[in-house]
Amino acid sequence: MSTTSTPVLPRGGMTRKQRRMTLIGISLSVLGVAAGLVLYSLSGSITLFQSPTDIVEKNLQPGARMRLGGLVEAGSVRRGENMEVSFAVTDGRTSIAVAYRGILPDLFREGQGVITEGVLSGDRQFRADSVLARHDENYMPKEVADSLKRQGHWKPGDPAPNPNAARSSAPQSPARSP
Amino acid sequence: MMSPEVGHFALVLALALALVQSVVPIWGSRRGDTALMATASPVALGQFAFVTLSFVVLTYAYLVSDFSVENVFQNSHSTKPLIYKISGVWGNHEGSMVLWVVILTLFSALVAVFGRNLPLTLKANVLAVQGWITVAFLLFILKTSNPFARIIPAPMEGRDLNPLLQDVGLAIHPPLLYIGYVGFSMSFAFAVAALIDGKLDAAWARWVRPWTLVAWIFLTAGISMGSYWAYYELGWGGWWFWDPVENASLMPWLAGTALLHSAIVMEKREALKVWTVLLAILTFSLSLLGTFLVRSGVLTSVHAFAVDPERGVFILAILVVFIGGSLALYAWRAPTLKQGGLFAPVSREGALVLNNLFLTASCAAVFVGTLYPLALETLTGAKISVGPPFFNWTFGPLMVPLMLAMVFGPFLAWKRGDLAAVAQRLTLAFAAAILATLVTYAVTTGGPVLAPLFVGLAFYVIVGAILDVAERIQLFRAPAATSLARARGLPRAAWGAAVAHAGVGVMLLGIVGETAYKQETIVQMRPGESIAVAGYDITLQGLVPVEGPNYRDLVARLTVREGGVDAGMLEPAKRVYTARAMPTTEAALKTRGVSQLYVSPGDPGTDGSIALRFFYKPMVLLIWIGTLVMMFGGLLSLSDRRLRVGAPKPSARRVAATVQPAE
């Protein structure tokens, strides 16, 4: 696009080169804005996943926002007034007391994997504002499975550590129709 | 005859034919051998027949509850209602992959049958590329995901389909989504064929457009259906969670929407050729990525029902070969394509470029948000999650200028437009926007400050789309008869564009209503207690156990009164599917106009009480109505005669007279 001679495009008031540069300029600025938005929003909306042991070992301070995942400790669920629930999340070595108010997901059960999101409120105390349990009854959230493997509580290949293992107890319902 | 082995064998035969289709036609096109190129069509039809046979055999195994087939055993149950026996076929990994290939070969067969007016070399090359994709997916199925594997001895009863998938919405969601994903393989095949041939002209764009439109309409339907399903079935009252799997379907949609628009520029003005080809490749790559994200289990998501590393590696290989290969081909061949069509920044072309910029930038933002956690974990081991605020803060700001521009676009002239003149013709749209903003501001209390402005934006988009048509048919400026005649003469594609754009406005209105003005209350209620929500008085009558065919319900009977007048019942339920002992929540909805009252139950307490979550969602139905309007616009566009005729020809008039189905 080397134009040493006078450009022949007075229509539109721009030469071919100018038009192309305008187009490239607009494209770059849109992409720039998009990249800026991405970087800005990423810095503000990332939550780190921690296991109970992480919280103790890394000595995380109250006020920190995070996702806490592990197993719901058997026998730890207490339901109070007005949908207040407390339970302990454990990875087998450490357990953290979690307080939550609201409706628990369908698959929330003792002994099963759970991810909670919220704020560390004190020494081994966690205030959750959302609780996630996954939708397949023997599906373990990936983060939880990994952290359990690290603690040596679950080897790949084992069935998920699920005391309710519904699949193994498929009922002997009526014989199949011909 | 219907033995599962027949289905398995049919898949192997289809693979053999697919191998033929991948090699012979393209070899013929390189050597200019018509006989070799002509093999493509019958071979494509044969593949479709065999894959369909295999699908029918699998469906039959589900219908008769043949639990000797492991796939049926894992995902079906003899007491399951008929519709879910059928939908169970694709409610699992193996079956859904077979469905994927059925649709893929269906598209090849359609090209074979209806592609008579395609140049022979292009047709041969397109079918060959389709053949490559078919080979890859058939190998994947046969190697890692055989749906016909047997178990001996056969169990007496199956394990039932995941209860969340036992729903009409989800019965048809995957086929719609897959027709969308796989439909983009056509644009991909056309793009790769054009790169191989080095020939790319306006006619090419005209052939590609109808395929892209079909895929786009179905993908829109699939995403919309999935969103409505999540809304009423998951019981959380949300309609979009920025879940990785939702994003996986949104990304090809965004790229596909950009492709639809850039193909217009290419068809009309022979500009943006190289870019259109790249978009076609990217759109299908994102569709493959979508399949990969959902099927490999690399992401933690509500949809992750397959967790199998071998499959993940195989799909990753498919991704690398197809995306890497096509992009390499693009880098090698694209520079040889001739550029054409000059235009000023302010012009119809310029507006469409802007559309493409914002759509691809927002697609890239979604891509980063979806894959960044995965990349970070692979590189550093740190586990993070990227929440909805990220997407709201990147996607939202990019959509606003897009919507501002999309009203201007259709008013601008090709090559060189006049912004001030267009703004003048849009006076009514601006007025509607300002009025809507002020009225919203006056009648609502609370809600985010920006919400009235977004209501204004929605009205601007809708009125702008109406003005577009009004302008073209000279409504109120010419005699009514003239306007009517012009309306009839207006190309369906122009109607389609206006309708689809209006649909975006309608959807935006629903989104603003739902997110900014929803009311939510969670209460623990005992029988006899009442609560007031958004003008409704709701009383809990009692908790009643109910037996279903393959589940047990605990129904919360709620009576609703509105202004003292009886307004019916709401019966949300906690449900337990007996075969898997899996609990689910069944929300109950009451519709008033386009707004809904939504109740979902929590756990029953020991004292006979139950936790209930009430939402009032103003205008929420407009979200899905908007997508329906968009799809209707797509259909109108698809019915445009120019697209049915295919490529421009001197004898176009005569060809149009004979009925040519959409290609």
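Which residue in β6(A) is the bridge partner of A:Gly70? A:Val114 takes that place. The model is predicted. This report starts with the sheet around that pair, then turns to chain B.

**Chain A**

Chain A has three helices and seven strands. Read from the N terminus, the order of its elements is α-β-α-β-β-β-β-β-β-α. The chain counts 178 residues, and 30% of them are buried. Among contacts in chain A with a separation of 6 or more, 53% join residues 24 or more positions apart.

Strand β2 of chain A spans residues 65-72. The strand is mostly covered, with seven of its eight residues buried. Three pairings of β2(A) can be described in turn.

The pairing with β1(A), residues 46-50, is parallel and has two bridges. Here A:Gln50 has A:Leu68 of β2(A) as its bridge partner. Helix α2 of chain A, residues 52-57, belongs with these two strands: β1(A), α2 and β2(A) form a β-α-β unit, and the unit is right-handed.

The pairing with β6(A), residues 113-122, is antiparallel and has seven bridges. The pair of A:Gly70 and A:Val114 belongs here.

The pairing with β4(A), residues 84-90, is also antiparallel. It rests on two bridges. A:Val72 has A:Val89 of β4(A) as its bridge partner.

After β6(A) comes a loop that leads to β7 (125-132), and A:Arg124 lies in this loop. A:Arg124 is not a glycine, yet its phi is positive, at about 55 degrees. Is A:Arg124 buried or exposed? It counts as partly exposed, because it has 15 C-beta neighbours inside 10 Å, and the buried class asks for 20 or more.

**Chain B: domains and cores**

The domain assignment splits out two parts of chain B: domain 1 (1-166) and domain 2 (519-617). Their centres, taken over C-alpha atoms, are 43 Å apart. Eight residues of domain 1 and seven residues of domain 2 make the contact. On the domain 1 side, three of the residues are nonpolar, two are polar and three are charged.

The largest nonpolar core holds 193 residues. The members that touch the most other members are B:Val101, B:Phe137, B:Phe190, B:Ala280, B:Ala458, B:Val461 and B:Leu508. Helix α9 of chain B, residues 202-233, gives the most to this core, with 18 residues. What does B:Ala458 touch, leaving aside residues up to four places away in sequence? Its contacts are B:Gly505, B:Leu508, B:Leu509 and B:Val512.

A second core is separate and has 39 residues. Its members include A:Leu71 and A:Leu132 from chain A, and B:Ile538 and B:Tyr616 from chain B. A:Leu71 falls within the span of β2(A), residues 65-72.

**Chain B: strands and hairpins**

Strand β7 of chain B, residues 573-577, is mostly covered. Four of its five residues are buried. β7(B) pairs with β5(B) and with β8(B), as the table sets out. A further pairing joins β9(B) and β10(B).

| Strands of chain B | Sense | Bridges | Residues standing opposite |
|---|---|---|---|
| β5 (551-562) and β7 | antiparallel | five | B:Tyr551 and B:Tyr577 |
| β7 and β8 (582-586) | antiparallel | five | B:Lys574 and B:Thr585 |
| β9 (588-592) and β10 (595-604) | antiparallel | five | B:Arg592 and B:Ser595 |

β7(B) and β8(B) form a hairpin with four residues between them. In its turn, B:Ala581 has a positive phi of about 50 degrees. The hairpin of β9(B) and β10(B) has two residues between the strands. There B:Gly593 takes a positive phi, near 65 degrees.

**Chain B: loops with unusual backbone values**

Two loops between helices deserve a look. B:Pro153 sits in the loop between α7 (120-144) and α8 (168-197) of chain B. The peptide bond leading to it from B:Ile152 is cis, with omega near -5 degrees.

B:Leu272 sits in the loop between α10 (244-269) and α11 (273-296) of chain B. Its phi is positive, near 60 degrees, in a residue other than glycine. B:Leu272 is buried, because 25 other C-beta atoms lie within 10 Å.

Notes:
Residues are numbered from 1 along each chain as its sequence is written. Chains are lettered from A and ligands numbered from 1 in the order in which they are written. This is a predicted model: local features need pLDDT of at least 70, side-chain atom pairs count only at pLDDT 80 or more; totals for chains, interfaces and linings use all residues. A residue is buried if 20 or more other C-beta atoms lie within 10 Å of its own, exposed if 12 or fewer, and partly exposed in between; C-beta atoms are placed from the backbone. Two strands pair if DSSP finds at least two bridges between them. A crossover is right-handed if, with the strands pointing away from the viewer, the path from the first strand over the helix to the second runs clockwise. Domain bounds come from an automatic or database domain assignment. Two residues are in contact if their C-beta atoms, placed from the backbone, lie within 7 Å. Ala, Val, Leu, Ile, Met, Phe, Trp, Tyr, Cys and Pro count as nonpolar, Asp, Glu, Lys and Arg as charged, and the others, Gly among them, as polar. A nonpolar core is a set of buried Ala, Val, Leu, Ile, Met, Phe, Trp, Tyr and Cys residues joined through C-beta atoms within 7 Å.
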